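Good morning, and thank you for coming. I would like to take you through one structure this morning, moving from a single site to the whole chain and then to some individual residues.

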Amino acid sequence: MLAAMPPPATLPVPTGAASVRDRGDACPGTLRLHRADDGALARIRIPGGVLSAAQADVVRELAERLGDGELHLTSRGNVQLRGLRPDCGGELASRLGESGLLPSERHERVRNIVASPLSGLDGLGRRDIRPWLATLDELVCASDLTTELSGRFLFALDDGRGDVDALGADVTLLTPADGDAALRIGQAGTVLRIPDEHAPRAALIAAETFLDTARGSGVWRVAELRADGGVLLDQVVRRLRQAGIPATRTPGPVRPARSAAPSPGIVDGPYGTVALSVGVPLGRVGAEQWRALTRAARQREDGGGELRLTPWRGVVVPGVERARAAETLDALEAAGLITGVRSPWAGVGACIGRPGCAKSLADVRAGATAALGPVGTLPVYWSGCERRCGHPRGSWVDVVAAPDGYRVSLVRDGERHAPQPVPDSPAALAAAVAGARGGLDERRPAPCPGT
Ligand code: SF4
């Protein structure tokens, strides 16, 4: 535990650390609502995206009673409530606190932890990361220092399949093939091998060391430190050793260029039950869809059940009886959720756009719906302005609203190709997007729409 550590040394701000901002972190939470054009917005942090069925009921009830009736999934597996009354903060906090979704008011915006959503369910990961998840969340909530983290700082727990390692977190725990755990800091290729039992504490110490290193610089994320990445790594090694945790530098696994969302459908597991994986069109789950998901979750024999929200705006329902899996998946499809890769909604995302965001130049969700085309190889993401909130990582098709229509471009492994102007016409947009995404059955790389 942190209390056993020597007092933290004050570390120098590394030479060259970027002074990237001088304003406070305005990330919304549940105690600090964001005022949007469609009402107040609350972001509920859900570590690992794991919600019990009872907690899922509470969130739905709050969305229906206080907000616009929908659950808006984020690219970190969190939930946003939108269209809230400005005076609902007290009631919101009280209900979330009673349900266990607000374990520490001081830490409510910093519990940003993504985790491999199929861990322990399909037999493909190297470990079940759930014990790490619970321990890391407790440690973050027990630390005074972590209250200083930005709401954008991200932890990732990867069970060895590389899915959330690709998300570019600030601190990532990895599961090497030959045992123990590895700690990746930012994008560093060198990782620190640490004993498995110390992994969550090592992740906490890495975050606390970052805070001390970056203090006063206006830097919120590890990638914003322009100084030699080795400076932070050296400091973390020193702090780990002070805490009695052996750490050995070693070349890390190559960070996957693309994160791999669970495919929609039935996920076979080793223990007689299966999981169901579904996508959510444009990341918005209506109350009836949410009820269908919690009904599926409650099929578990003990009557409990849970939902796992994924960083790809999908939902995994573990513990479904194998004999009832197909019928349950059909019910989720009938509710309008994405249950197979051939759904035209598969891989289509959008920011909130108009009317919810004043910065937006268009109603991008309506635009994406009108221009829905054939299934593509690459994901496509529609943004109302150049900020591209919540866009995917790796390779994807970027559709951004412009004053005279849209700009469509291909982003290949993070590198954006020249944008192609496309008029605000569903047919023209559908053709441009389909060309850029590439057909699902094509083996050639998707062409760049700008060339
Ligand atoms: S990308 Fe622009 S329009 Fe969309 S939510 Fe973000 S700020 Fe608003």
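Let me begin with a definition: a residue is taken to be near a molecule if its C-beta atom, placed from the backbone, lies within 6 Å of it. Please also bear in mind that this is a predicted model.

With that cut-off, which residues surround the ligand? The shell consists of Cys 351, Ile 352, Gly 353, Cys 357, Lys 359, Ser 360, Ser 383, Gly 384, Cys 385, Arg 387, Arg 388 and Cys 389. By class, these residues divide into five nonpolar, four polar and three charged.

There is also a backbone feature to point out at Pro 355, which sits in the loop between strand 17 (348-350) and helix 8 (364-370). Arg 354 and Pro 355 are joined by a cis peptide bond, with omega at about 0°. As a general matter, most peptide bonds are trans.

Let us now step back to the whole chain. The protein chain contains nine helices and 22 strands. Its radius of gyration is 22 Å, close to the 22 Å that the globule rule gives for 451 residues, so the chain is as compact as a globular protein of that length. Along the principal axes, the C-alpha atoms fill a box of roughly 60 × 55 × 50 Å. Of the 451 residues, 47% are buried. If we take the contacts between residues at least 6 apart in sequence, 68% of them join residues at least 24 apart.

How is the chain divided into domains? Domain 1 covers 1-25 + 109-260, domain 2 covers 265-334, and domain 3 covers 348-437. In the contact between domain 1 and domain 2, eight residues come from domain 1 and ten residues from domain 2. The domain 1 side of that contact has six nonpolar residues, one polar and one charged.

I turn next to helix 4, which runs over residues 199-214. At 1.5 Å a residue, its 16 residues should span 22 Å, and the end C-alpha atoms are 23 Å apart, which agrees. Is this helix enclosed or open to the outside? Of its 16 residues, 14 are buried, so helix 4 is largely enclosed by the rest of the structure. Just after helix 4, Gly 216 takes a positive phi of about 85°.

Positive phi values also appear at residues that are not glycine, and two of them deserve attention. In general, most residues other than glycine have a negative phi. Asp 180, however, has a positive phi of about 60°. This residue is found in the loop between strand 8 (171-174) and strand 9 (181-185). Asp 180 counts as partly exposed because it has 15 C-beta neighbours inside 10 Å. The second case is Leu 282, where phi is positive at about 55°. Leu 282 lies in the loop between strand 13 (273-279) and strand 14 (284-286). Is Leu 282 buried or exposed? With 21 other C-beta atoms within 10 Å, Leu 282 is buried.

Asp 180 leads us on to one of its contacts, Arg 193. Arg 193 belongs to strand 10 (residues 190-194). Leaving out residues up to four places away in sequence, Arg 193 touches Asp 180, Ala 182, Ala 247, Thr 248 and Thr 250. Arg 193 and Ala 181 are twelve residues apart in sequence, with 5.9 Å between their C-alpha atoms. Arg 193 is partly exposed, since 18 other C-beta atoms lie within 10 Å.

Another strand residue is Ala 156, in strand 7 (residues 155-157). Ala 156 is buried because 27 other C-beta atoms lie within 10 Å. Beyond its neighbours within four places in sequence, Ala 156 is in contact with Val 114, Val 164, Asp 165, Leu 167, Ala 169 and Thr 172. Ala 156 and Ala 115 are 41 residues apart in sequence, and their C-alpha atoms are 5.7 Å apart in space.

My last residue is Pro 403, in the loop between strand 19 (396-402) and strand 20 (405-412). Pro 403 has 6 C-beta neighbours inside 10 Å and therefore counts as exposed. How far apart are the C-alpha atoms of Pro 403 and Asp 128? They are separated by 48 Å, and the two residues are 275 residues apart along the chain.

Thank you for your attention.

Methods
Residues numbered from 1 in each chain as written. Predicted model: local features only at pLDDT ≥ 70, side-chain atom pairs only at ≥ 80, totals over all residues. Helix = DSSP H or I, 4+ residues; strand = E, 2+ residues; numbered from the N terminus. Buried ≥ 20, exposed ≤ 12 C-beta atoms within 10 Å, placed from the backbone. Contact = placed C-beta atoms within 7 Å. Domains from an automatic or database assignment. Nonpolar A, V, L, I, M, F, W, Y, C, P; charged D, E, K, R; others polar. Rg over C-alpha atoms; globule rule 2.2 N^0.38 Å. Expected span 1.5 Å × (residues − 1).
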